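Please look at the sequence and the structure below, and then follow how some of the helices pack and where empty space is left between the atoms.

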Amino acid sequence: MIKYVGVQDPRFWELFEQLRRDVGWHSPLYTRSSLFYYRRRILDDGNKISDRSFIMLVNTNPVAAFLGALIGNSNGTQDMLAFEIPCQVIENVAKLTKALSKQFIGEINAILQEVSGKIWYRDILFNGFISAFSHNLLSKGGNASPVFSKVIDLSNEEACLKSQLRKSYRSLVNWGIRELNPLVVNKENVTWQMVNEFRQLHIREAGRETRSEASWKKQYEMVKAGDAFIIFGGVGEQLVSAGLFFCSDTTCFYAVSASKRDLFDKPLFHSLMWVAILYAKKHGYRLFEIGPQSYPNHFQNFRPTKKELTISDFKAGFGGQTIVYLDVLFSGSVNL
């Protein structure tokens, strides 16, 4: 018997976690608290949200899930995203027959009829294959582009991880550990005062408040829930650098950082990133995703800026391997 459980159902997140474990899919960007954070950012922008996420059950067992919401824009159009990031499909291919897959995609297509703007979907290319949903969108006129990200395998010994550091980073890491006394903040010791201090540093360095206090409180809740941790670096009582890292059962993701760049002539964040990598390894995480890699002549809508290329180069200096995802974009009214 087939049933569908919507996100409003109190069983949704328990079933979602069961499906994630069954499939072995553990993206830190799509945990419950991560999605609540991205939802907050969309609401702060004044957009309307209709969360249409659902799970397909076969004989009470979750076999597939769709994560996505209709985002109402000020111009009257509706996009399909997972709030601020691409919508996502998770499938237990071992239990999803061709007939069940067709029915699951049909359920998504019924929702997509309400889209009048764009659909943004990210295919994680599970086992190296595009998903049935990617094929569905592409066959109807969607466009696909590769997205690159740097990932460190934490099963390697610390000496091996350190050998992957860019040569120029090694002295910067040593300097930062000595001078900044990096502090790991997790669910055991986090306070709102700490997160707010990070927020104030971010505002100072950005020159303005780029997002609401409410969104920072969502990140505080992520740390309290064990779905994120923070690394702080300071001189005396003064916070000079901080970074936030999302995490799931197996994977950590570098999310955001801020540093008081005018205080020293040396970069401040290198040591904090290294401490985060070692913390993740020590606590049993298997992968550490440093994040997007940009290339001068690879772009989707806009050529990467000099700043984006600089950030990409910074991330690449920590080693690891470059993996690829597939972003599928569908614009305009949907006839699926």
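In what follows, contact means that heavy atoms lie within 4.5 Å, and helices (H or I, at least four residues) and strands (E, at least two) are DSSP runs that are numbered from the N terminus. This is a predicted model, in which local features need pLDDT of at least 70 and side-chain atom pairs count only at pLDDT 80 or more, while totals for chains, interfaces and linings use all residues. Residues are numbered from 1 along each chain as its sequence is written, and side-chain values use heavy atoms, with hydrogens and water left out.

**Helix packing**

The table gives the angles and the distances of the helix axes, which are lines fitted to C-alpha atoms over the stretch in contact, with angles that run from 0 to 180 degrees between N-to-C directions.

| Helices | Angle | Axes |
|---|---|---|
| α7 (residues 192-206) and α8 | roughly 135° | within 10 Å |
| α2 (residues 32-44) and α8 (residues 213-224) | about 175° | 9 Å apart |
| α3 (residues 98-112) and α4 (residues 132-139) | roughly 50° | within 10 Å |

Angles under 35 degrees count as roughly parallel, over 145 as roughly antiparallel, 65 to 115 as roughly perpendicular and the rest as oblique.

Helix α7 crosses α8 at roughly 135°, which makes α7 oblique to α8. Their crossing is right-handed, a word used when the near helix is turned clockwise from the far one by less than a right angle, whereas an anticlockwise turn is left-handed. In this contact W192, V195, F198, R199 and H202 of α7 meet E213, W216, K217 and Y220 of α8. Sorted by class, these residues are five nonpolar, one polar and three charged, where Ala, Val, Leu, Ile, Met, Phe, Trp, Tyr, Cys and Pro count as nonpolar, Asp, Glu, Lys and Arg as charged, and the others, Gly among them, as polar.

Helix α8 also packs against α2, at an angle of about 175°, and the two are therefore roughly antiparallel to each other. Here S33, S34, F36, Y37, R40, R41 and D44 in α2 meet A214, S215, K218, Q219 and M222 in α8, and this contact has four nonpolar, four polar and four charged residues.

With an angle of roughly 50° between their axes, α3 and α4 are therefore oblique to each other, and their crossing is right-handed. S101, I105, I108, N109 and L112 of α3 make the contact with A132, F133, N136 and L137 of α4, a set that divides into six nonpolar, three polar and no charged residues.

**Empty space**

Rolling a probe the size of a water molecule over the atoms shows where empty space is left. On a 1 Å grid over the protein atoms alone, a cavity is a set of points where a 1.4 Å probe fits but cannot get out, a pocket is an open set with protein on both sides within 12 Å along at least five of seven lines, and lining residues have an atom within 4 Å of a point. Grid points are joined across faces, edges and corners, and a volume is the space filled by probe spheres set on the points.

The structure holds one cavity of 30 Å³ or more, and V7, W13, L35, D51, S53, L67 and F83 line the largest cavity.

The second largest pocket holds about 320 Å³ of space and is lined by 20 residues, of which E91, V93, F126, S131 and A132 lie nearest its centre.
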